[in-house]
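Dear colleague,

Please find the structure below, followed by a summary of what was found in it. I would be grateful if you would read the two side by side.

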Amino acid sequence: MRRMTYVDKDGNQIDQSFENKKLLLKFFFVFGTVLPLIFIVLIIVTVVQNKNCTNIYNSIKEASLKYAEDQDKLPEIEGDNTEINIGNLYSEQYLRSINTNNTLCSGTVKITKYKNEYIYTLDVKNCDICSTNKRYKGWSALQNTYPKNKAIVDVIPYYNYYDRQISTTEWSKYYEQSELSDEISEYNINLPIEENTLPEIPAEATTIDIEADTTNYYRYVDKKWKWYDIEGNYSEFSSEQPNGYEKIDTNTERYTQWSEYSLNYPEEKSYRSIEKTTGYKYYYLDESNKKVYYKSGKYIAKEEVDTQKYNQRDSESATLYRYRDKQWRWYNGQKRNYSTFSSVMPNGKPFKDLGIEVSTNPSSWSAEKKSNSATEEYRVEEVKLMTRFRINYEILSLKVLDKPLEKTEFESNVGENISEFNSREDKKIEVTYKFKYRKS
């Protein structure tokens with residue numbers, strides 16, 4: 001059989017196999033270039049549509065929550081729910097005019113209290129491609145875990161209960177503020193740092209709440225002075241005889257404050273007391289492990305430095321000295337008659353010498369306030385806040401029902417609705433859940 005040949009318009013022979021290859025190349029060009037572009041466009045359109053629908057769903061959820069709060073419809077009991085009409089969100093201006101193809105969305109939102117959050121189950125209609133019955137095929141089978149990555153989730157609560165005994169411990173001792181943690185606990189109070197010092201509860205018990213009770217504790221010191229009978233011609237306080245005064249009144253003896261510690265030994269005086277101690281250079285290590293010295297590395301007496309912060313010291317030491325002096329009032333003429341130290345005026349001695357003052361040791365701490373208008377002139381009171389605690393706890397029986405029940409069946413079984421049953425102290429509801437989600 002003779003092979004057929006083809007010529008072009010000028011009579012030149014055409015290679016038919018080459019022409020067939022050209023057609024095949026055109027096909028691969030279309031398949032390899034145009035179709036991927038079409039797929040990319042479709043993906044972009046789908047992503048945009050998904051984002052638009054997600055934004056619509058989120059706006060509906062936020063508006064539903066605000067509406068339920070304002071209308072006092074937000075569920076408060078674990079597992080309970082309320083249903084919001086989307087049309088009401090538009091009409092009462094909780095929701096802006098979200099629309100697709102100029103048509104407002106409709107439908108409902110079920111808000112279910114799930115542990116410490118809410119689950120929003122949307123049934124969105126009349127919302128074009130964002131309508132849930134168009135966008136999703138149907139519901140998944142029930143499952144035990146919450147599918148948080150799904151857009152539309154429904155939750156079904158199941159109920160069981162325990163018999164419950166509630167008890168309260170005795171009050172703990174009182175704690176000072178420094179003994180309490182700075183962090184707020186789950187009971188919305190500051191608990192003791194050493195929580196094991198709180199009252200014990202039975203091993204089978206569970207803490208419901210911890211109560212705190214605060215009160216003020218008081219202690220005081222009383223200031224005392226020497227009182228005298230006449231003004232007389234008296235000097236200011238001085239360790240040495242001042243010019244113009246002849247005599248010393250030894251009844252007015254007092255001490256100056258201690259001087260700061262110094263490396264220099266002070267001049268000795270007949271009226272001077274001198275003390276010595278060992279001084280060190282105290283420091284702490286910063287983040288770079290570099291020494292940071294107290295007072296630039298001077299020798300310091302231990303009682304003068306915060307050793308909680310500056311908790312290290314060099315091995316080298318030095319002897320430090322400090323001193324204080326006795327002082328008196330000096331006088332001419334008639335000598336005053338001084339009393340012993342007293343907070344109140346003694347008989348016959350109307351003048352108080354403010355330069356000769358001492359204070360009593362602090363009293364013991366007490367819940368009783370012992371300062372009043374009669375003592376305000378000489379009593380200095382210190383106040384501190386004290387806190388004590390007691391624990392409310394529960395002991396539960398085994399679960400009463402053989403298996404958890406849905407709400408209607410549970411209420412029929414116990415003869416009360418969930419709200420009434422939940423308010424009983426002798427019973428405690430346990431809520432478990434099953435979930436389903438809209439399948440794409």
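**Strand β9 and its partners**

Strand β9 is joined to strand β19 (residues 379-396) by 5 bridges, and the two run antiparallel. Within this pairing, I166 has E394 of β19 as its bridge partner. Please note that the model is a predicted one.

Two further strands pair with β9. Strand β21 (residues 427-439) is connected to β9 through 11 bridges, in an antiparallel arrangement; here D154 is the bridge partner of K436 in β21. Strand β20 (residues 405-406) also runs antiparallel to β9 and shares 2 bridges with it, and L405 of β20 is the bridge partner of Y159.

Strand β9 spans residues 153-168, and 12 of its 16 residues are buried, so the strand is largely enclosed by the rest of the structure.

**The chain as a whole**

The chain comprises 440 residues, of which 32% are buried. Its secondary structure consists of 5 helices and 21 strands. Among contacts with a separation of 6 or more, 74% are between residues 24 or more positions apart. The accessible surface of the chain is about 29,100 Å², and carbon and sulfur atoms account for 45% of that surface.

**Nonpolar cores**

The largest nonpolar core contains 23 residues, and Y57, I60, L122 and V124 have the most contacts inside it. Two or more residues of this core come from each of α1 (16-70), α2 (86-91), β6 (106-114) and β7 (117-125). Helix α1 gives the most, with 7 residues.

I60 shows how this core is put together. When its neighbours within four places in sequence are left aside, I60 is in contact with I86, L89, L95, V109, L122 and V124.

There is also a second, separate core, which has 18 residues and includes I119, V153, Y433 and Y437.

**Disulfides**

The structure holds 2 disulfides. With bonded cysteines counted along the chain, their pattern is 1-4, 2-3.

One disulfide joins C53 to C130, with an S to S distance of 2.0 Å. The torsion about its S-S bond is about -85°, so this disulfide is left-handed. C53 lies in helix α1 and C130 in the loop between β7 and α3 (132-135); the pair thus links distant parts of the chain, 77 residues apart. How exposed or buried are these two cysteines? C53 has a relative accessible area of 1% and is buried, and C130 is buried as well, at 0%.

The other disulfide joins C105 to C127, where the S to S distance is 1.9 Å. With 40° about the S-S bond, this link is right-handed. C105 is in the loop between β5 (103-104) and β6, while C127 is in the loop between β7 and α3; these distant parts of the chain are 22 residues apart. C105 is buried, with a relative accessible area of 3%, and C127 is buried with a value of 0%.

The loop between β7 and α3 therefore holds a cysteine of each pair, since buried C130 and buried C127 are both placed there.

With kind regards

Terms used: Residues numbered from 1 in each chain as written. Predicted model: local features only at pLDDT ≥ 70, side-chain atom pairs only at ≥ 80, totals over all residues. Heavy atoms only, no water. Core = buried A, V, L, I, M, F, W, Y, C linked by side-chain atoms within 4.5 Å. Buried < 20%, exposed > 50% of the residue type's maximum accessible area, 1.4 Å probe, protein only. Helix = DSSP H or I, 4+ residues; strand = E, 2+ residues; numbered from the N terminus. Contact = heavy atoms within 4.5 Å. Areas by Shrake-Rupley, 256 points an atom, 1.4 Å probe, with all protein chains shown as cover. Pairing = 2+ DSSP bridges. Disulfide = S-S within 2.5 Å.
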